[in-house]
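My notebook is open and the coordinates are loaded. Here is what I looked up, entry by entry.

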Amino acid sequence: PYVNTKDILEKANKEYYAVAAFNINNLEFLQAIVEGGIEKKSPLIIETSEGAMKYAGMGDPLRGASLFVKMVREFADSLDIPIALHLDHGKNFKYIISAIKAGYSSVMIDASDKPLEENLKATKDIVRIAHAAGVSVEAELGKLAGIEDNVASAESVLVNPDEAKYFVEETQVDFLAPAIGTSHGAFKFKGEAKLDFDRLKKVKELTKMPLVLHGASSVVQEMVEIAENYGADFGGSKGVPSDILKETVRLGINKVNTDTDLRMAFIAGLREFLQNNPKEFDPRKYMETAKSYVKKVVSDRLELLGSANKA
Ligand SMILES: O=C(COP(=O)(O)O)N(O)CCCOP(=O)(O)O
Ligand SMILES: [Zn+2]
């Protein structure tokens with residue numbers, strides 16, 4: 001069934017596991033993610049960024065939002081596993097309202113690049129509207145390093161746990177993304193991977209609410225090797241190692257944003273197939289390997305996060 005993201009995350013919060021939030025931009029990634037969820041009998045959070053809404057709507061974000069709701073509902077309404085649709089990194093008021101209007105389960109208001117007072121005000125405004133429409137809300141405190149929504153932030157600004165407690169009480173957001181040292185994309189760490197577990201622990205103790213990890217892809221070595229075998233150049237790529245990811249779940253992370261791992265699995269499969277099948281031009285065939293690799297990465301992640309058999 002099509003459910004509210006909050007329902008999925010409240011259960012995960014109580015039982016101390018995490019649910020992956022997989023980004024999509026097209027039909028093929030959605031198909032592969034749903035196949036993984038069915039195989040693992042796992043709840044799924046499908047999420048789309050504002051860029052995805054523009055891409056699918058051919059420049060019209062409301063059309064994009066409505067298309068994604070229809071696609072995801074079509075799968076969700078016909079399956080036993082709970083599936084929610086979430087707007088990731090909502091920064092533009094018009095896009096956030098478009099997602100609510102189209103029927104998204106939840107939206108993120110990302111005002112983390114603003115001073116606290118501005119973040120508070122923007123978040124309160126969205127919470128008031130979203131809650132009136134039965135839509136749950138995610139906000140972010142602190143800043144991820146790396147490129148976030150085209151804003152290149154040289155270094156990450158880690159969450160302040162006391163500020164987090166004040167923020168959630170003031171805004172009544174349903175789930176919070178504390179920045180603890182991750183960043184988006186495939187090049188997360190120069191040296192050794194390190195996250196600020198102490199801050200995470202404190203935020204959980206102070207808020208007791210479902211928490212979100214952005215920039216949580218692991219950069220699966222197996223996929224990097226296949227892609228590089230067929231011409232990709234992913235030198236220097238490094239993600240969040242599985243043991244570190246598991247520790248964040250043990251410390252209270254309940255939603256794990258995953259986009260890069262799916263992108264690398266897809267391109268690895270696509271490169272491999274195209275190189276080995278010079279005569280093929282049927283789109284139902286030449287994306288098969290790509291989709292199967294995405295499904296594999298999805299299934300492994302659902303297992304790792306502990307949401308398998310939790311549907
Ligand atoms: O946290 C993540 C993904 O992290 P990852 O890169 O580690 O998968 N996200 O919120 C995904 C952000 C995708 O935005 P865009 O469509 O503009 O590229
Ligand atoms: Zn993110």
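**Entry 1: the zinc site.** I began with the zinc ion (ligand 2), remembering that this is a predicted model. I found three coordinating atoms listed for the zinc ion: NE2 of H89, NE2 of H184 and ND1 of H214, at 2.0 to 2.1 Å. Along the chain, I read the spacing of these donors as H-x94-H-x29-H. The pair H89 and H214 links distant parts of the chain, being 125 residues apart. I placed H89 in strand β3 (residues 83-90) and H214 in the loop between β9 and α9 (221-229).

Are these two histidines buried or exposed? I noted H89 as buried because its relative accessibility is 4%, under the 20% cut-off. H214 is also buried, at 3% relative accessibility.

**Entry 2: the cavity.** Next I searched for enclosed space. I found 1 cavity of 30 Å³ or more in the structure, and its volume is about 30 Å³. Which residues line this cavity? I listed E140, L144, A177, P178, A179, T182 and H214, so the zinc ligand H214 turns up here again. I sorted the lining into 4 nonpolar, 2 polar and 1 charged residue.

**Entry 3: I180.** I then went to I180, in the loop between β8 and α8. With 2% relative accessibility, I180 counts as buried. I checked its C-alpha against that of L144, 36 residues away along the chain, and got a separation of 7.9 Å. L144 was already in my notes as one of the cavity-lining residues. Setting aside neighbours within four places in sequence, I found I180 in contact with L158, V159, L195, D196, L200, L213 and T248.

**Entry 4: helix α8.** L200 led me on to α8, which spans residues 197-207. Which of its residues are buried? I wrote down L200, V203, K204 and T207. Looking down the axis of α8, I saw that these buried residues fall within an arc of 100°, so they line one face of the helix. The general rule is handy here: an α-helix has 3.6 residues a turn, so residues three or four places apart point the same way.

What covers the buried residues of α8? My list includes the helices α1 (5-15), α7 (161-171) and α10 (242-250), along with the strands β8 (175-178), β9 (211-213) and β10 (253-258). Just after α8 comes K208, with a positive phi near 55°.

**Entry 5: L251.** I looked up L251 in the loop between α10 and β10. L251 counts as buried, at 9% relative accessibility. Not counting residues up to four places away in sequence, L251 touches Y16, F197, L200, K201 and K204. Two of these partners, L200 and K204, are among the buried residues of α8. I also compared L251 with A18: they are 233 residues apart in sequence, yet 11 Å apart in space, C-alpha to C-alpha.

**Entry 6: positive phi values.** Last, I went back to backbone angles. Most residues other than glycine have a negative phi. Y16, a contact of L251, is not a glycine but has a positive phi of about 55°. I located Y16 in the loop between α1 and β1 (19-23), and noted it as partly exposed, with a relative accessible area of 44%. K41 is likewise not a glycine and has a positive phi, about 50°. Its place is the loop between α2 (27-40) and β2 (44-48).

How values were computed:
Residues numbered from 1 in each chain as written. Chains lettered and ligands numbered in written order. Predicted model: local features only at pLDDT ≥ 70, side-chain atom pairs only at ≥ 80, totals over all residues. Heavy atoms only, no water. Buried < 20%, exposed > 50% of the residue type's maximum accessible area, 1.4 Å probe, protein only. Helix = DSSP H or I, 4+ residues; strand = E, 2+ residues; numbered from the N terminus. Arc of directions from axis to C-beta. Contact = heavy atoms within 4.5 Å. 1 Å grid on protein atoms, 1.4 Å probe; cavity = no way out; pocket = protein on both sides within 12 Å on 5 of 7 lines; lining within 4 Å. Points joined across faces, edges and corners; volume = space filled by probe spheres on them. Nonpolar A, V, L, I, M, F, W, Y, C, P; charged D, E, K, R; others polar. Donors = N, O, S within 2.8 Å, 3.2 Å for Na, K, Ca; no water.
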